[in-house]
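Visitor: I'd like to look at this one with you and ask how each label is earned.
Guide: Sure, let's go through it together.

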Amino acid sequence: MRKKMDKQKQIIEMFDSIAPTYDSANRILSLGIDVAWRKEACKKAFEYFGEDSPSVILDVACGTGDMILHWERNAKKFQKDFGKIIGIDPSNGMLEVAREKLKNQLESRKVELFLGEAKNLTNIEKQSVDILSIAYGLRNVVDIKEALGEFARVLKKGGVLVILEFTKKEKENFLDKMMGFYTKKVLPIIGGLLSKNYRAYKYLPDSIDGFLTSSMLIEELNKLGVQMKFIKGYSANISTLLIGVKQQNE
Ligand SMILES: C[S@@+](CC[C@H](N)C(=O)[O-])C[C@H]1O[C@@H](n2cnc3c(N)ncnc32)[C@H](O)[C@@H]1O
């Protein structure tokens, strides 16, 4: 228990320390490829949500607010109105950058930001969220089962869960090994130089190795009444999009 708490504290502190350079390092390391993945995540979520417009979108592990901006931009693009977007993250450093980037949205109250962990969404009422997203955040959550339980609790029946994540491979093929070389050897050096924090960028491939495979994640969600509707791997399955819907009888 104490070990888990220490591990989570260290992860949050690591994000605090890289927060000022996070966006620029991310842009260089991902070469902007993630924009298309995020756009498809929003498009598919709106499709599975149906005709209505979502009143509450919750972005857990919102970090510096990138996914929130994607929700806003794509809601316009796919002609969906939304009530508000709530962002939650336990790193004050990451939230500080988000507050600066989302100044106008915060003023107009279309966006709200809170400090908090995925396993403890206490300020969100049960069955109050239409769409819940977590982009590249779940790997960092130490108490993952508790967090998934919270997602199922706050989602409305018929609500949509969107997970974008670097999931662990079931079996590695040649292309996976090449990608593994990039994430394990190249990325920590470039990320380390940009952020002056090699350990933080070494943590990324290590955390993928320690994470669940897509099928393990799907099984956990199924137990909680969230049925998987759409799964897609991108760039030799380095990133996976999973879309689930909370069942009506839960
Ligand atoms: C790689 S960043 C992703 C940020 C953002 N979602 C994006 O798409 O750019 C991971 C985020 O997970 C957050 N995080 C770490 N532990 C967490 C936890 N237990 N619950 C929720 N978020 C967590 C970090 O603070 C960080 O902002």
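**The ligand and helix α7**

Guide: A polar side-chain atom of E117 sits 3.4 Å from a nitrogen atom of the ligand. Before we go on: this is a predicted model, where local features need pLDDT of at least 70, side-chain atom pairs count only at pLDDT 80 or more, and totals for chains, interfaces and linings use all residues. Residues are numbered from 1 along each chain as its sequence is written, and side-chain values use heavy atoms, with hydrogens and water left out.

Visitor: What makes the E117 pair a polar contact?
Guide: A polar contact is a pair of N or O atoms within 3.5 Å. E117 is 3.4 Å from the ligand nitrogen, so the pair counts.

Visitor: What about A135 and the ligand?
Guide: There a backbone N or O atom lies 2.8 Å from a ligand nitrogen, so that pair is a polar contact too. The protein covers 98% of the 600 Å² of accessible area that the ligand has on its own (Shrake-Rupley method, 1.4 Å probe).

Visitor: How do you know what span to expect for α7?
Guide: The expected span is 1.5 Å times one less than the number of residues. With 22 residues in α7 (174–195), that gives 32 Å, and the helix reaches 30 Å from its first C-alpha to its last, which is close.

Visitor: Why is L187 called a kink?
Guide: The bend is the angle between axes fitted to the seven residues ending there and the seven starting there. At L187 that angle is about 40°, shortly before the proline P188.

Note on methods:
A polar contact is a pair of N or O atoms within 3.5 Å; within protein, one must be able to donate a hydrogen and the other to accept it, and residues adjacent in sequence count only if both atoms are side-chain atoms. Helices (H or I, at least four residues) and strands (E, at least two) are DSSP runs, numbered from the N terminus.
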